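Trainee: I have a new structure to get to know. Can we go through it together?
Mentor: Yes, here it is.

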Amino acid sequence: MSTLFFSVSPPSASFPPKFPFQSFKHLSPLKTTLRRPLFSTTTRSSLHGDPLESDPPLPPSVRTFWKWLAEEGVVSSTCPVRPAYVPEGLGLVARRDIAQDEVVLKVPRRLWINPDTVAASEIGYLCTDLKPWVAVSLFLIREKMRGNSPWRFYIDILPERTDSTLYWSEEELAEIKGTLLLRLTREMKEHVESQYQKVKEEIISCHEQLFPSSITLDGFLWAFSMLRSRAFSHLRGQLVMLPLVDLINHSASITREDNAEEINGPAGLFSWDLLFCLKSTMPVQEGEQVFIQYGLKKSNADLALYYGFVEPNTNRDSYTLTFNISESDPFHREKLDIAAANDLGETAYFDIFMDRPLPPAILPYLRLVALQETDAFLLEPVYRKSIWKTLELPISRMNEELVCKMVVDACESALSGYHTTVEQDEKLIQEGNLGFRLEIAVRVRLGEKRVLQQIEGIFKEKEAQLDKFEYCHERRLKELGLVGEEGETYCQPK
């Protein structure tokens with residue numbers, strides 16, 4: 001990936017609750033950014049001649065990198081793609097017409113950087129108890145500091161910084177005040193720092209002979225950001241960095257994520273190995289850039305945090321509402337058991353996107369949280385097997401009213417935390433001339449506010465319709481045949 005400028009996390013990531021290694025989930029590399037050239041470029045795309053000929057010329061490090069890949073058998077004179085300057089910075093450009101689903105690059109396992117690489121290295125025995133991302137980050141920064149690293153030609157083309165919000169100044173971060181993105185950025189940085197301090201104390205300081213140069217927090221953050229902005233998901237579930245493959249950029253026009261496969265195949269003159277194969281998910285003409293989709297489920301906040309860019313599409317706008325079962329709730333244990341039986345917890349996160357339906361589990365969960373004494377009979381063991389289905393529909397007027405109040409209050413509280421209005425942000429975008437990072441900030445905070453207003457509108461409308469809903473008690477009477485066609489009730493079934 002080239003652009004240097006990326007919500008519920010898997011338990012194995014051990015991030016605070018909203019820190020997924022989501023980018024590793026869909027074979028989506030994160031971006032790294034070379035600044036966009038302020039000049040036009042011309043390139044020769046043909047298979048004939050120098051594949052790296054460019055005006056202005058590519059950096060010497062890229063030429064050395066290409067030569068190394070050729071010596072390793074990854075590229076040849078017939079390779080269908082090559083690195084080139086593109087609007088995003090560096091990218092992969094077609095040297096000839098490429099068909100849909102054609103494999104454009106194959107990287108043998110010996111050139112992958114993943115947890116297996118760390119385990120087989122000189123520091124592997126020290127990393128057995130580390131989280132995979134911590135182990136790979138430690139390995140990567142150590143290799144960068146070694147002059148004779150086997151990956152030095154690859155590491156030499158990696159950028160020193162990205163445009164991820166992890167690298168924003170306090171002044172720039174002030175532009176996303178009130179957003180979830182700001183909170184996630186600060187929590188992620190704190191988490192990376194805590195992992196660095198642990199590694200420094202338990203590994204680096206105790207084995208100075210293996211870490212001859214000082215590994216700083218900035219260096220560890222660099223390695224982490226490279227991993228976050230460039231790693232693909234290994235088809236077996238491991239995160240993996242792949243030389244050259246990770247120059248590929250993202251396009252919103254691509255709606256498929258099946259951009260890779262692994263095969264056993266020739267990996268050199270006399271060698272056979274597992275190969276990571278990058279595919280083009282759409283036809284590409286000679287001279288055009290090859291793209292992939294970084295993840296259809298990622299929000300603009302995800303893209304900003306991990307990759308350092310956003311899309312203008314409103315379907316990337318989202319907000320994550322967080323609710324929890326209070327420990328002071330007299331039915332805390334019963335509610336917790338029911339939530340757990342339906343893959344939810346004491347705290348639940350619901351990602352809500354612009355112009356999309358609410359997550360299916362949000363209303364049952366909120367009705368469960370809002371259950372009070374008058375409806376508490378539903379928590380009895382006899383109802384446990386069917387309670388979640390029951391919670392999919394309104395329970396009682398009081399319960400539904402409380403659900404609406406919870407959501408509206410949460411939205412109003414969140415909206416009060418922004419320092420600009422929707423109208424002000426819309427005007428800023430309409431006027432244009434925003435800096436790159438300021439535009440990211442404005443689009444993220446505008447998108448969050450629009451989604452919050454949408455959610456608030458849904459539940460205010462629901463609140464206005466409370467008298468028209470059919471509640472659990474009425475449904476039970478109907479099931480027993482105790483309600484007539486006009487709504488009258490009977491003491492005995494008809």
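**Gly-308 and its surroundings**

Mentor: Start with Gly-308, which has a relative accessible area of 0% and so is buried. This is a predicted model.

Trainee: Where does Gly-308 lie?

Mentor: Gly-308 is in the loop between H8 and E12. It follows H8 and has a positive phi, near 85°.

Trainee: How far apart are Gly-308 and Thr-162, in sequence and in space?

Mentor: In sequence they are 146 residues apart, while their C-alpha atoms are 6.9 Å apart in space.

Trainee: Back to H8. How many of its residues are buried?

Mentor: Helix H8 covers residues 300–307, and eight of its eight residues are buried. Among them are Asn-300, Asp-302 and Leu-305.

Trainee: And what covers the buried residues of H8?

Mentor: The cover includes helix H6 (180–204), helix H7 (217–230) and helix H14 (436–464).

Trainee: What about strand E12, on the other side of that loop? Why is E12 called largely enclosed?

Mentor: Strand E12 runs over residues 318–324, and five of its seven residues are buried, so the rest of the structure largely encloses it.

Trainee: How many bridges join E12 to strand E13?

Mentor: Seven bridges join E12 to E13, residues 347–353, and the two strands run antiparallel. Across that pairing, Thr-322 of E12 stands opposite Tyr-349 in E13.

Trainee: Which way do side chains point in a strand?

Mentor: In a regular strand they alternate between the two faces of the sheet.

Trainee: New topic, aromatics. How many aromatic pairs are there?

Mentor: The count comes to 15. One of these pairs is Trp-68 with Phe-153: the ring centres are 6.2 Å apart and the planes are at 45°, so the pair is tilted. Trp-68 belongs to helix H1 (residues 60–71) and Phe-153 to helix H4 (residues 152–155), so the pair ties together parts 85 residues apart in sequence.

Trainee: Are those two buried or exposed, and which other residues are in their aromatic cluster?

Mentor: Trp-68 is buried at 5% relative accessible area, and Phe-153 is partly exposed at 22%. The cluster also takes in Phe-65 and Tyr-154.

Trainee: H8 ends in a tyrosine. What is the arrangement of the rings of Tyr-294 and Tyr-307?

Mentor: Their centres are 4.5 Å apart and their planes are at 35°, so this pair is tilted. Tyr-294 sits in the loop between strand E11 (291–292) and H8, while Tyr-307 is in helix H8, so the parts tied together are 13 residues apart in sequence. Tyr-294 and Tyr-307 are both buried.

Trainee: Which rings have the charged end of an arginine over them?

Mentor: Phe-211 has the charged end of Arg-142 over its ring, 5.7 Å from the centre. Phe-353 has that of Arg-356, 4.1 Å from the centre of its ring.

Trainee: Cysteines next. How many disulfides are found?

Mentor: A search of the whole structure finds zero. As for single cysteines, Cys-79 counts as buried at 5% relative accessibility, and Cys-472 counts as buried at 6%.

Trainee: Last one. What is the mean pLDDT of the chain?

Mentor: The mean is 86, and 85% of the residues reach 70 or more. Over residues 2–42, though, the pLDDT is below 50. That stretch has 191 contacts in the model beyond near neighbours in sequence.

Methods: Residues are numbered from 1 along each chain as its sequence is written. This is a predicted model: local features need pLDDT of at least 70, side-chain atom pairs count only at pLDDT 80 or more; totals for chains, interfaces and linings use all residues. Side-chain values use heavy atoms; hydrogens and water are left out. Buried means under 20% relative accessible area, exposed over 50%, partly exposed in between (1.4 Å probe, protein chains only). Helices (H or I, at least four residues) and strands (E, at least two) are DSSP runs, numbered from the N terminus. Two strands pair if DSSP finds at least two bridges between them. A disulfide is a pair of cysteine sulfur atoms within 2.5 Å. pLDDT is the predictor's confidence in each residue, from 0 to 100. Contact means heavy atoms within 4.5 Å. Rings of Phe, Tyr and Trp (its six-membered ring) pair if their centres lie within 6.5 Å; planes under 30 degrees apart count as stacked, over 60 as edge-to-face and the rest as tilted. A charge sits over a ring if NZ of Lys or CZ of Arg is within 6 Å of the ring centre and within 35 degrees of the ring normal.
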